[in-house]
Each structure stands twice: as structure tokens, then as C-alpha cells.
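User: I would like to learn how to read internal cavities and strand burial from a model. Could we start with the cavity and then move to the strands?

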Amino acid sequence: MSTTTPRLLVTGAGGQFGRRVVELLLDAGTTNLVAASRDTAKLADLVARGAEAVAADFNDAASLDAAFAGIDRLLIVSTDALGEPGLRLRQHQAAVAAAVRAGVSHIVYTSMPNPEPVSPIGFAPDHHQTELALAASGVPHTILRNGWYMENLVASLPHVLATGTWYTSAGTGRVAHVARADAARAAAAALASATGTATHTITGPTAYTTDEIAAIASEVFDRPISVVQVTDEQLAGGLAAAGMPPFVVDLVVSFDANTRAGRIDVVTDVVEGLTGQAPQTLAAFFAANRAAFLPEA
């Protein structure tokens with residue numbers, strides 16, 4: 001009895017997350033694998049390793065129809081279109097609709113923890129409405145609610161280490177940061193073999209307060225850090241005074257408000273459950289990426 005190898009497609013394969021998923025699947029010997037991007041020139045190295053490249057533009061339904069034709073299992077990596085209100089959601093809904101038209105048998109989607117309408121995070125509605133679109137599609141799907149990446153700390157922690165002061169309005173709220181590589185491993189596993197319909201929250205092994213994150217960083221990098229709790233308004237004022245654009249100010253403040261409200265403090269064992277390997281600890285991530293956090297050292 002012969003069987004046909006499922007045809008897998010990863011969107012956003014030119015970006016950091018999608019690319020890593022494709023690499024992991026290639027490492028595992030996956031065949032019949034398609035890497036999709038608006039710019040297929042970015043995928044040359046993946047093609048050299050055995051992946052097929054296709055052009056897919058979430059703003060062009062025809063390109064999605066062409067890319068998804070003949071695809072059995074699809075990973076929709078959430079896009080980075082955050083600058084124009086509503087655009088990201090339209091892109092995601094277009095991808096789900098194209099998957100339905102193509103007869104895709106299973107969809108995996110990268111969402112965020114607790115994206116319900118009460119979330120302080122401005123882009124949460126994009127994920128919530130996309131999850132609703134998946135539910136309405138009738139296609140079996142796996143939603144991966146990826147926690148905040150450890151890599152996000154590279155945007156703020158170097159300044160904290162340089163100045164010795166961390167201003168935050170997160171209070172005693174906790175975050176279980178997860179390494180992007182671990183989230184990608186979970187996505188690769190789900191794309192390869194998940195069945196039915198399920199929603200999983202993807203986290204690191206431990207949820208920490210800002211004070212605890214600061215203590216870990218202080219120990220790993222041998223730099224003293226003082227955490228100063230401020231109000232959302234004070235944090236916004238300080239960020240604006242430092243020259244951050246309003247969009248970024250609002251985003252950073254909303255992240256702290258979300259943390260303070262306890263909406264990102266969940267810890268799960270999903271990464272290990274899907275992949276058989278425990279996720280990286282925050283201390284180990286700091287140690288392995290020392291140059292990113294102390295660029296002048």
C-alpha cells in the first residue's frame with residue numbers, strides 16, 4: 001500500500017521565525033516542503049537544501065491561491081504589518097480564506113497568549129479575530145499562542161545594563177519568556193504531525209517578575225540593576241522624552257500593563273510535549289547571547 005507524503009507550506013519563510021521552522025523541518029529530513037515569501041530571493045539557501053520556494057503576498061489573494069494549491073498542511077506565521085490599523089487582520093483572514101479554497105487539511109497559526117478583546121495589547125484583536133476565522137473555517141487547526149520571545153529583551157535590556165536602571169510599570173506581574181528557537185521547534189512539530197483542533201500556549205520554563213529578570217541579568221552579566229516601578233503615564237512620558245515614536249511608546253506601555261494584569265504569566269510544558277525537549281532557560285539564553293546584550297563589552 002503506497003502513501004503520499006503530505007505537502008507542507010510555511011509562510012513568512014524569509015523572516016526569522018518562518019525560516020527557522022523550515023530549517024528545522026529540513027534538518028529532520030522532511031520532504032515535499034514549501035517555503036513561501038513575498039521575496040523568493042531570500043529563500044535561495046533553503047531551496048539549495050531541498051525546499052521549494054513560492055511567492056506569497058498576503059495582500060494578493062491570487063498569489064495565496066497559487067501558493068496554497070496542492071498544500072496539505074499549512075503554517076500561517078502572523079505577519080508584521082502593525083503600522084496600519086486593520087491590515088494585519090485582513091492579511092490573516094485572506095490567508096485562512098485561501099487555505100479553505102485550496103482544501104488545506106490542517107492549519108497551524110502563531111497567535112499570542114490571551115488575545116481576547118479585554119487585552120491591553122493593541123495588536124491582540126488581530127490574533128483574536130484570526131482565531132475566530134479559523135474556528136469558522138471548519139478546517140482542523142492548531143493555534144500556537146506564542147509567549148513573548150526572549151529576543152524581545154534585546155531591544156531594552158542593553159540600555160538597562162548600561163544605565164543600571166530599569167523603569168517599568170509591570171509591578172509584580174510575571175512573564176514566562178520563550179526563546180524564538182523553542183517556539184519554532186513547537187511550530188515545526190505541530191506542522192509535521194498535529195491532528196484535530198487545539199489551542200496551545202507556548203512559554204519558557206519559568207515566569208519571572210521584572211525584579212527577578214533583573215536579578216538574573218545582573219548575575220549573568222555582572223552588572224547592577226535597580227528596578228524602578230512607575231505608572232503607565234510616567235513610563236510613557238519617559239519613553240517619549242527618550243525619542244521613541246508614539247506607536248512604540250504605546251506598545252511598550254501596553255506590554256507592561258498586560259504583564260501587571262497577569263495576562264502573560266502562564267507557564268506550560270507544551271514545548272517539551274510537542275518536541276520532546278525542554279525549552280531554554282532565561283539565564284542560559286542570556287549567557288549564550290552575551291554579545292547582544294553587552295555590545296560594547
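Analyst: This is a predicted model. By class, 5 nonpolar and 3 polar residues, with no charged ones, form the lining of the largest cavity.

User: Which residues line the largest cavity?

Analyst: Rolling a probe the size of a water molecule over the atoms shows where empty space is left. Here the lining consists of Pro113, Gly147, Trp148, Ala176, Thr201, Thr203, Ile264 and Val266.

User: How many cavities of 30 Å³ or more does the structure hold, and what volume has the largest?

Analyst: There is 1 cavity of 30 Å³ or more. The volume of the largest cavity is about 30 Å³.

User: Now the strands. Why is strand β6 said to be largely enclosed?

Analyst: A residue counts as buried under 20% relative accessible area. In strand β6, residues 141-146, 6 of the 6 residues are buried, so the rest of the structure largely encloses the strand. Both faces are covered: one side carries the buried His141, Ile143 and Arg145, and the other carries Thr142, Leu144 and Asn146, also buried.

User: Which strands pair with β6, and are they parallel or antiparallel?

Analyst: Strand β5 (residues 106-111) runs parallel to β6 and is joined to it by 5 bridges. Within this pairing, His141 of β6 lies opposite Ile107. Strand β8 (residues 198-202) also pairs with β6 in the parallel sense, over 5 bridges, and there Asn146 has Ile202 as its bridge partner.

User: What handedness has the unit made by β5, helix α5 and β6?

Analyst: With helix α5 (residues 124-137), strands β5 and β6 make a β-α-β unit that is right-handed.

Notes: Residues are numbered from 1 along each chain as its sequence is written. This is a predicted model: local features need pLDDT of at least 70, side-chain atom pairs count only at pLDDT 80 or more; totals for chains, interfaces and linings use all residues. Side-chain values use heavy atoms; hydrogens and water are left out. Buried means under 20% relative accessible area, exposed over 50%, partly exposed in between (1.4 Å probe, protein chains only). Helices (H or I, at least four residues) and strands (E, at least two) are DSSP runs, numbered from the N terminus. Two strands pair if DSSP finds at least two bridges between them. A crossover is right-handed if, with the strands pointing away from the viewer, the path from the first strand over the helix to the second runs clockwise. On a 1 Å grid over the protein atoms alone, a cavity is a set of points where a 1.4 Å probe fits but cannot get out, and a pocket is an open set with protein on both sides within 12 Å along at least five of seven lines; lining residues have an atom within 4 Å of a point. Grid points are joined across faces, edges and corners, and a volume is the space filled by probe spheres set on the points. Ala, Val, Leu, Ile, Met, Phe, Trp, Tyr, Cys and Pro count as nonpolar, Asp, Glu, Lys and Arg as charged, and the others, Gly among them, as polar.
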